[in-house]
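Thanks for coming, everyone. I have one model to show today. Let me put it on the screen.

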Amino acid sequence: MLIKPVGWIAIIMLLMISCIKDPPLNPEADIESFTIDKDLLLADVFIDQVNSKIVLHLTDDAYDSGFAPFITTSAGATVTPASGDSIFFGGDTIHYVTRSQDGRYAKRYTVELASIGNWAFDFEHWEIQPTDKYAYPVEDDGSMVWTTGNPGVALSGVSKDPSSYPTRSTSDHMYGMKAAELVTLKGTALSGLVGIRLFAGSLFTGTFNSLNAFVNPLTATEFGQPFAGRPRRFSGYFKYTAGSIFQDKEGNAVPGMKDSCSIYAVLFKGNTRLDGTNINTSDRIVATARLKTTGDHAQFTRFDIPFEYATTAPLTGKHMMAIVVSSSQYGDTYRGAIGSRLVVDSLRIIY
């Protein structure tokens, strides 16, 4: 007896199904979001994937009463404590442990509480990132207020040594034992493929989102830390020497153009950070204090700049302060002079 065509089709479909293997289970084990009611936060939550940290700026109520975060993970991954479980701060450090869908990989996140009360920075304490070996400043208690562009530079294939990065510590100081040194360096072969031919040294209060470093570099720099009060002045010490040849984004020399450094502070409304696309243009900006000098300063020079306010109205609600420092003023668009060097020390926001 002949098998009808529809029977042949059914047999072929059964054979195909039997040959198709189940897709592999997901090996990723990341916490992708950690959501808390914004009323409980002084700044947006920052997930530092490189160092497996969840950085929180909490209100006093949130610290005292605890909270229940909503957590999303890589597809299929599990997390302990579970999403929606309440956590409380008392004695022990809080950790979250994730396990991938395939069960082969686990990741341990540390919850870090950040608090800023004293806006006086001497850059005396530095740590070395264990994997990529770049330096970054920490406060006396080990907390991180500042970040740099070094995490993005690490993706470009530089050697794993603090001196290979544009921002690091130096013993060339005004006070204490150390200061922050920022140098504009030549890009790498890998960074050149995406049009980045130099790296300016950068240092700022805020966070660095490495996931955007090559895809959308300007949004990778997330500026600002929670600030309370009405700032009057921004002061500090700096020395600066511009590199010899200013170059455009394509790496061509620009005759008659000289590099200059950038040092400024911005107070803005809200608890969501600004980034490289809007730090100078956002309508949330309340006041700015900007160093206007452009020349070289071989010796440490003091600056003391008043904040210029956009309005005389009283400050209400939550605010953030960004201090931004760069060895090349136009480094965010990859223009500058290789070899430009800036050193800053004893930065202060004066109430």
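I'll go from the whole chain to the cores, then a hairpin, then two single residues, then the salt bridges.

One caveat before the numbers. This is a predicted model. Everything I quote is computed from its atoms.

Start with the whole chain. DSSP gives 5 helices and 28 strands. Along the principal axes, the C-alpha atoms fill a box of roughly 100 × 55 × 40 Å. There are 351 residues, and 47% of them count as buried. The accessible surface comes to about 17,600 Å². Carbon and sulfur atoms hold 56% of that surface. Now contacts. Take those with a sequence separation of 6 or more: 65% of them are between residues 24 or more positions apart.

Next, the interior. How many residues does the largest nonpolar core have? It has 34. Phe 234, Ile 263, Ile 323 and Val 344 have the most contacts inside this core. Several strands supply at least two residues each, among them S13 at 179–183, S19 at 233–241, S21 at 262–269 and S24 at 297–306. S23, S26 and S28 are also on that list. Which strand gives the most? That is S28, with 4 residues.

Val 344 shows how this core is wired. I leave aside its neighbours within four places in sequence. Beyond those, Val 344 touches Phe 123, Ala 179, Ala 180, Leu 182 and Leu 203. Its other contacts are Tyr 237, Phe 238, Ile 263 and Val 325.

There is another core, apart from that one. This other core has 18 residues, including Ile 47, Ile 87, Phe 89 and Tyr 96.

On to the hairpin. Strand S9 covers residues 125–128, and 4 bridges join S9 to S10. The two strands run antiparallel. Ile 128 stands opposite Ala 135 in S10. Between the strands of this hairpin sit 6 residues. Within the hairpin, Lys 133 takes a positive phi near 70°.

Now look at S10 itself, residues 135–138. In a regular strand, side chains alternate between the two faces of the sheet. Are the faces of S10 covered or open? Both are covered. Ala 135 and Pro 137 are buried on one side, Tyr 136 and Val 138 on the other.

Two single residues next. Phe 208 lies in strand S16, residues 202–208. Phe 208 counts as buried because its relative accessibility is 12%, and the cut-off is under 20%. Its contacts beyond four places in sequence include Phe 46, Thr 147, Thr 148, Gly 149 and Pro 151. Ala 213, Ala 220 and Thr 221 are on that contact list too. Phe 223 is 15 residues away along the chain, with its C-alpha atom 8.4 Å from that of Phe 208.

Leu 190 is the second one. It is found in helix H4, residues 189–192. At 40% relative accessibility, Leu 190 counts as partly exposed. Together with Leu 193 and Val 194, Leu 190 makes a nonpolar surface patch of about 310 Å².

Last topic: charge pairs. Side chains of opposite charge can pair when their charged atoms come close. The count here is 13 salt bridges. I'll take three.

Lys 107 with Asp 30 comes up at 3.0 Å, N to O. Lys 107 is in strand S7, and Asp 30 is in the loop between helix H1 and strand S1, so the pair ties together parts 77 residues apart in sequence. Is Lys 107 buried or exposed? Lys 107 is buried, at 17% relative accessible area. Asp 30 is partly exposed, at 25%.

Glu 181 with Arg 168 is also a salt bridge, at 3.0 Å. Glu 181 sits in S13 and Arg 168 in S12, so this pair ties together parts 13 residues apart. Both residues are buried.

Asp 304 pairs with Arg 233, with the closest N and O atoms 2.7 Å apart. This pair links distant parts of the chain, S24 and S19, with the residues 71 apart. Asp 304 is partly exposed at 31%, and Arg 233 is partly exposed at 26%.

One network to finish. Arg 168, Asp 172, Glu 181, Lys 239 and Arg 341 are joined by salt bridges that share partners.

That's the tour. Questions, please.

Notes
Residues are numbered from 1 along each chain as its sequence is written. This is a predicted model: local features need pLDDT of at least 70, side-chain atom pairs count only at pLDDT 80 or more; totals for chains, interfaces and linings use all residues. Side-chain values use heavy atoms; hydrogens and water are left out. A nonpolar core is a set of buried Ala, Val, Leu, Ile, Met, Phe, Trp, Tyr and Cys residues joined through side-chain atoms within 4.5 Å. Buried means under 20% relative accessible area, exposed over 50%, partly exposed in between (1.4 Å probe, protein chains only). Contact means heavy atoms within 4.5 Å. Patches are made of residues with over 30% relative accessible area and no salt bridge: like charges are joined within 9 Å, nonpolar side chains (Val, Leu, Ile, Met, Phe, Trp, Tyr) within 5 Å. Accessible areas come from the Shrake-Rupley method with a 1.4 Å probe; for residues, only the protein chains shown count as cover. A salt bridge is a side-chain nitrogen of Lys or Arg within 4 Å of a carboxyl oxygen of Asp or Glu. Two strands pair if DSSP finds at least two bridges between them.
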